[in-house]
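Me: I'm new to this one and would like a close look at a single part of it, the nonpolar core. Could you walk me through it, with enough of the surroundings to keep me oriented?

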Amino acid sequence: MPSNKHQGTVTGRLICHPDGYGFVIAEEPKLDEDVFIPPKKLGDAVDGDTVRVRLIPSHRRRKKGTGSLEGEVFEVLARGRETLVGKIFHDRQEVYVAPLDSRYHYSVRLLDEEARRIKKGMIVTVAITTHPGRHQAPSGKLKEILGDPDDPEVQYKIVCRQHEIPMEFPASVLREARSASEPDEKEIKDRVDLRALPTVTIDGETARDFDDAVSIKKSEDEHFQLWVHIADVSHYVGIGSALDREAFKRGTSVYFPDRAIPMLPEELSNQLCSLNPGVDRLSISVEMEIDGQGQVQRSQFCRSVIHSHQRMTYRDVHRILIDRDEPLRREYRDLLIPLEWMLELSRILTAKRIKRGAIDFDLPEAEIEYDVHGEVHDVVRAERNEAHRLIEEFMLLANETVAQYLENHQIPLIYRIHEEPDAVKLEEFQETAGRFGYSLKPNSKGNYPSGSFQALMERLANKPEARFLSLLMLRSFKQARYSELKRGHFGLASPCYTHFTSPIRRYPDLVIHRLLKMTLERTASRGQEEAFHAELQEIAGQSSLRERQAVEAEREIMRWLMAQFMADRLGDEYQAFVIGVRRNGFFVELLEHFVEGFVPVETLTDDFYVFNPRGHCLIGENGGRTYRIGDRLKVQVGKVSPHRHLIEFSPVMKARPAKRQKKRQKKRKRKR
């Protein structure tokens, strides 16, 4: 039990679940696990609030050797949200807003007289003026009318407002961005000139902001000389400037399938900072000498000027290196040898990472395909090939190398950390995996190192239950985040890791660039450095929060687009396979489209189905038919609600006569 001035209490941020309960992420004191809050113990607190919690005896099932913290909220220290997005509804003479975020469990009464003229069902944002209390319901004032929920553009506004993602830049920020200019000769002379070095960018087909470029050579002793060039965003974004304050506020760029909301204005993100082909660009370059085992023998850093000679795509690089596409190989003949070296080195680096215990999660992701009119044409499995891995390996290595350099020079920095899995969640995963015949192998100390998870991933390869168990494993892990404290990266099996390679789209990377420059040049005074370092905790916390909000927003838009795509296909039939089973039904993934949905148990009309937790399947009581992970079946699109991101299917089956009906049929035959 923690001991502080409030004995037996913790303070932290409350995260609510749509089902009514919540969890508090403990901040004071820091705890290894979150505190569970039952629905009746939430008091007046709502999702996002900073609360003080009194720890109480847990009524949840305890695991062997673990605790299970439970608490009740007895004080709200700070409200987490001041605005709310919701749908207008009228009740007698009053106007209310029903929140679209199901984690907020109250409707808000509008105080504005003009609100009565707003049409029912319209989407609005509300400024909360009175928060829920013991004897009062929340109330608020109309802030903005977003529009009709059936307008596709409104959905983007909803998601961005809910996750506090600014869609426009302030005028002061745009002025600063537009005042930036191309590098002049003086700026270029002060840098290491790497323009003659053959350099390429390798990105996705639709990428417009190029953070990184690479160059490579190979020596006679089989050592590789790899340069990773990263856009020098810090040259254009000064500490404390309007651009800097806005970038800190946003934390990250947000990428939707058909658009992006950048961290920096396009004048910088897509133009001046972007390592576009055929133009000189300012960068920070990391040069690494790497031996045949993937070990970095030597590294150095410099402020550089580069000239990208070619903008390449993952698809073309894969076709050149793996498919051996002759027309493409002729087109890029001057780059064939460097590309072959890159492939060789990336495979060496991958093998080294896996050997040290890194977990190679390669879960499929959805990609939206659009037609010429901008309408959703299909939802497909995103292509991920060896060219993606090639660039990922180089960026991982650069990030590690920079982190190690700064640490060796005793420079405080923002680490990218990934802590060990939660003990309770890990035991739950072990139980479920055991039902499928799998288990994690502990080390000699009884712990589960990251390598044991990678070994299980290799055993799961190409198995029907692979996706289900991989996702379950991922959920047992803690979220990767930013921290001023060094705690290692469990998933990468790296003791010292940071983010350096994407300063156009991630604020922590921009900060690391500034720290690296300060270390290389010693241009800042000791007082300036100490003031900057003092802000690292706040920067890490803000960046982690903005990253989570961006990820949630991106997932919401993807689920909405999937549901919108399926809404035009009601009644259509598809082949599918089961990817997860619950007590109330099972999840399926379509074979024709990369879309998943839920089959409620009540749609299984041929029998009464019971969930078998040991076998993780549904079993019919009379006919014995089972639905388990990996099973194939034909389903029909039954119910779709894009606003709720809901896709439901029902199985297409030949009606099986029940046992009683069979007996009656036999009796009739005998009578005949």
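Me: To set the scene, among contacts in the chain between residues at least 6 apart in sequence, what percentage join residues at least 24 apart? And then, which residues of the largest nonpolar core touch the most other members?

Reply: Happy to, and keep in mind that what you see is a predicted model. For your opening question, the figure is 66%: that share of the contacts between residues at least 6 apart in sequence joins residues at least 24 apart. The chain itself has 16 helices and 31 strands, and its C-alpha trace spans about 100 × 65 × 60 Å along the principal axes. With 672 residues, a compact globule would have a radius of gyration near 26 Å, and the 28 Å of this chain agrees with that. Half-and-half is a handy way to remember burial here, since 50% of the residues count as buried.

Now for the core. In general, nonpolar side chains in soluble globular proteins tend to be buried together. In this chain the largest nonpolar core holds 83 residues, and the ones touching the most other members are Ile202, Leu226, Val228, Leu268, Met342, Phe394 and Leu406. Helix α9, residues 386–408, gives the most to this core, with 11 residues.

Met342 is a good place to zoom in. Not counting residues up to four places away in sequence, Met342 touches Val200, Ile202, Val214, Ile216, Leu390 and Phe394. Two of those names, Ile202 and Phe394, also appear among the core members with the most partners. Apart from this core lies another one, of 58 residues, which includes Ile165, Val588, Leu618 and Leu633.

For a buried residue of another kind, try Thr501, which is found in the loop between β23 (481–483) and α13 (507–521). Thr501 has 4% relative accessibility, so it counts as buried, the cut-off being under 20%. Leaving aside neighbours within four places in sequence, Thr501 is in contact with Asp211, Asp212, Ile230, Met395, Ala398, Asn399, Arg506 and Asp509.

And for contrast, look at Ala531 in helix α14, residues 526–534. Ala531 counts as partly exposed because its relative accessibility is 43%. Its C-alpha atom is 40 Å from that of Pro198, a residue 333 places away along the chain.

Finally, the outside: the chain exposes about 33,800 Å², with carbon and sulfur atoms supplying 47% of that.

Terms used: Residues are numbered from 1 along each chain as its sequence is written. This is a predicted model: local features need pLDDT of at least 70, side-chain atom pairs count only at pLDDT 80 or more; totals for chains, interfaces and linings use all residues. Side-chain values use heavy atoms; hydrogens and water are left out. Helices (H or I, at least four residues) and strands (E, at least two) are DSSP runs, numbered from the N terminus. The radius of gyration is taken over C-alpha atoms; the globule rule is 2.2 Å times the number of residues to the power 0.38. Buried means under 20% relative accessible area, exposed over 50%, partly exposed in between (1.4 Å probe, protein chains only). Contact means heavy atoms within 4.5 Å. Accessible areas come from the Shrake-Rupley method with a 1.4 Å probe; for residues, only the protein chains shown count as cover. A nonpolar core is a set of buried Ala, Val, Leu, Ile, Met, Phe, Trp, Tyr and Cys residues joined through side-chain atoms within 4.5 Å.
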